[in-house]
Structure formats: C-alpha cells, structure tokens
Amino acid sequence: MSCVEANFDGLVGPTHNYAGLSQGNVASVANAKNTSNPRQAALQGLAKMKALHDLGCTQGVLAPQERPDITTLRRLGFKGTDASVLEAVYKTSPVLLASCCSASSMWTANAATVSPSADTQNHKVHFTPANLANKFHRSLEPNATGRILQATFNDERYFEHHQHLNTTDYFGDEGAANHTRLCERYSQTGVEIFTYGRSAFNLAVPAPVKFPARQTLEASQAIARLHGLARENTVFVQQNPDVIEQGVFHNDVIAVGNQNVFLYHEYAYLNCEQFKDEVHRKYGDRSLFLIEVKNEQVSISDAVNSYLFNTQIITVGDNNMAIIAPEHCRKNSTVYDYLQTLVAANNPVNQIHFFDVNESMKNGGGPACLRLRVPLTQQELGAVNSNCLLDESLYARLKSWITKHYRDRLTLQDLRDPQLLNESRSALDELSRILSLGNVYQFQQ
Ligand code: SUG
C-alpha cells in the first residue's frame, strides 16, 4: 500500500514576538525584547510550505492558537473587560502578558507525537498532544492543539486522538521534537525512537543541572503505551545531559531522521554505542544509514547556532532525499562544508535547499520545529480535512490572509493593545473558515 509522509506546518500567529521565555533555548534568550515582524514570520513559514509542496511533498497547515489568551488571564484572577485585563496584567507582570501572547504553537514539532497506523496495535494513526509542561507559555497549548488536530484529522475510522499527559514536570512531554521513526518505506512498520532528558521517578539517572531536561522517560513510555507500540519496535534513549547544558533543549536540535537515514551528532546521546546496537537489532537486516557527525567536523556550538540538525530530511523520489536547511547553515562555513560532504557521500541525501526562516530562528525554531510529520496511507490521506492541505489556491488565500491581517512590527508593549486582540480574533475567525475547522477557538464559543 502506498504511503506518504505529510508535513503539517504551523502557521505563525499574529502575535509572534520575542519575549525570552525559554531558558535553555539560546536563541530565545538572546533575542529577548527584540522587535518582531509577525507578517514576515508567517510569510517565511508559508514560503517553506509552498516550496515543499512544489518539491512534490504532501504539505498540510495547522492553525495557530488564540492569543492573547484571555481565558488563562481570567483564570489567574484578572477581571473586567478584555482591555482592562490586558492593561492590568501589563502593569502587574509584563512577562505573564508575554507568556499569554506567545505564538509558540507555530512550532508544531512540539504539537504532538504521532504514530502511523503501520506501527500501532489497532492500525489507526495515533495522536497525543504534547503537554509542554516545562514552560508556562507552552503549557497553554495542548487543549487547543487537541481541538485543532481533531478538526484536521477528523475521522475515527482512521485517527485516534488521546488526551495530553498530565500537565506536570513528571510527565513533561515535548511531542515529536523528541521522537523520530526509522523505516524502509513509510508504509512498513518502523522503529520509533523516543529521546528523553531525565527520569522523573529514578533520580539515579543523570540529568542536566543548569538547563531543564524537558522530556521525561516516563512521558515517553506513556505515549508508547497509549499508541499501542510493540516493545520490539520501540527504543527509549537518553539525551546527553552535557549537550542540554549547551543549548540542545530538544533532541531535534542534535539529530534528524527520515526513512533509513539517521543523522546525529556523536555527543547527542548518553550511551551512544548501546543506542546504535539497539537500533540495529530492532531495525533488522535492512540497509540503514546511521550518519554520525563527529565533533571535529561540527562542534555542538556550531550545531546549536546553525541548526544543522534542525533540518528536515525529506524523500523527493525513489532513493532520493533532500535536506531542508535554514540560511544559517549556508552562512556558517564549517556547517556548509559539512553539508557538501554529506550530499557527496554514499547515502540517499543528495540535495540541499536553504530557507530564510529567520523570524522563527530568533526564537529557537528551525525548519524541523515548524512541522509535524504524519505518515499516511492513501486512504488515510483521503480522510484528512482537505481544506488543510496546501495547494496553489490555499497558498494564495493564506498569503493574502496574512497580508491583510498581520502587523509588520510588534514590541512587547504592543501586546497590551486591545486592538491587537481584535485583529488576532478576526484573523483566526476568518482562518477557521478557510480551513473548515469549525469553532475551535474559545472566542467562537
Ligand atoms: O519551546 N521557543 C520554542 C522553540 C521551539 C522549538 N521547537 C523544536 N526544537 N522542536 C521553545 O523553546 C520562545 C518564545 C519566546 O521566547 O518568546 C519559544 O517558546
């Protein structure tokens, strides 16, 4: 049965801003308080989606979330009209206002973990929204993520949606950013690799000290159980705490896989040899390219600054793969040289495409962060909400929708402007009709 890997990218929301909310994420902290350009951010993301569509990939769109999140602010005790809620929170705690305005749902690699039907016990595609418990601004996402995923993959014959895990650091779950899948063909059963940063219940397991390990072993195990994955096709591997301390806040900052290719840094994992043995054993006797990047080829600092591993490796034809990289990888000569070596070597990756996703990069989100991968059979693809699949006409509609509704300049002071709330709501109201999502937003209830 033929099967595709669809990429569902998050549309950047109208309140995209730089608030420095993510300790452990070097770019987010470095760009705190900069002026953002939401319109450019959204257009950059859309241009990447269009380019992948033009390369022949199945490209989907996931809607952004409602921000400012007035419901959360009211839950936290702010009262009165929406305008007075915004003014009061700005005076009390600008960082709380910024948290409730973050457009962070754009990084859909953190929206959910997805297991394709080829891997699951009941042969449905399983989705579990990530609870993102480690960061307050991100912990506001999972309920709306669940509603948007259900409106996008809305057919219970094929899709099974789980509730996000308990929102506590014990079960901190960051979704697909810490999950990848190796397979020969997308239609075949694969090996699902879950990467965690620490154990919540076993404190003897090493953990970083300076920066948080956002994903726990226990969360990864719970997702594998919920999705009905077979033990013999599942690998749990610990991230190296030392690289978390150097800014590798998600595993997709240090490793990326596609089909039978897995590109990773030699320091990515705590016990790399053991990990490779397990992957080989579970993957079986099929051709597998485990491409280890040595520290002398690319240092951790170059990897974090260029986002070499936060690239997408996509299949563009039989045995051909392309690497979708941010402009930063072109500008960093060490990384650029490494990429030339990679595409010249004997492996399926033989093209590089560079993209300007700089507005997202400044918050620590590269090409891979912006997409959620969903492997689908043709039948399952036919059951997806077709209004969320990018084609020429949706691209044109989204482009003019962004140009109509988005500002080209936003500072942290602007977030209290009630007019921004109105603009954001009218933009999302129109978008929910373009994508035929129904009433997924609180303001539509
Ligand atoms: O969770 N940045 C996001 C970046 C997420 C990147 N995703 C993956 N690696 N898959 C985060 O740290 C910054 C927001 C701010 O500082 O305003 C932020 O949330």
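**Close-up 1. Polar contacts of the ligand in this predicted model.** Let's start with Gly-20, where a polar backbone atom sits 3.1 Å from an oxygen atom of the ligand. Two side chains approach nitrogen atoms of the ligand. In His-250, an N or O atom of the side chain is 2.9 Å from a ligand nitrogen. For Asp-252, the distance from a polar side-chain atom to a ligand nitrogen is 2.7 Å. On its own the ligand has 490 Å² of accessible area, and the protein covers 100% of it.

**Close-up 2. The shell of residues around the ligand.** Here you can look at the 20 residues that surround the ligand. Those that come nearest are Leu-21, Ser-22, Ser-28, His-137 and Asp-252. By type, the shell is made up of ten polar, seven nonpolar and three charged residues.

**Close-up 3. Strand β15, residues 371-377.** Now for a strand. Seven of the seven residues in β15 are buried, so the rest of the structure largely encloses this strand. In a regular strand, side chains alternate between the two faces of the sheet. In β15, Arg-371, Arg-373, Pro-375 and Thr-377 point one way, while Leu-372, Val-374 and Leu-376 point the other way. Residues on both sides are all buried, with Arg-371 and Arg-373 among them.

**Close-up 4. Strand β1 paired with β15.** Strand β1 spans residues 3-10 and runs antiparallel to β15. Seven bridges join the two strands. If you would like one pair to find in the view, try Phe-8, whose bridge partner in β15 is Leu-372. Leu-372 itself is buried and points the same way from β15 as Val-374 and Leu-376.

Methods: Residues are numbered from 1 along each chain as its sequence is written. This is a predicted model: local features need pLDDT of at least 70, side-chain atom pairs count only at pLDDT 80 or more; totals for chains, interfaces and linings use all residues. Side-chain values use heavy atoms; hydrogens and water are left out. A residue is near a molecule or strand if one of its heavy atoms lies within 4 Å of it. A polar contact is a pair of N or O atoms within 3.5 Å; within protein, one must be able to donate a hydrogen and the other to accept it, and residues adjacent in sequence count only if both atoms are side-chain atoms. Accessible areas come from the Shrake-Rupley method with a 1.4 Å probe; for residues, only the protein chains shown count as cover. Ala, Val, Leu, Ile, Met, Phe, Trp, Tyr, Cys and Pro count as nonpolar, Asp, Glu, Lys and Arg as charged, and the others, Gly among them, as polar. Buried means under 20% relative accessible area, exposed over 50%, partly exposed in between (1.4 Å probe, protein chains only). Helices (H or I, at least four residues) and strands (E, at least two) are DSSP runs, numbered from the N terminus. Two strands pair if DSSP finds at least two bridges between them.
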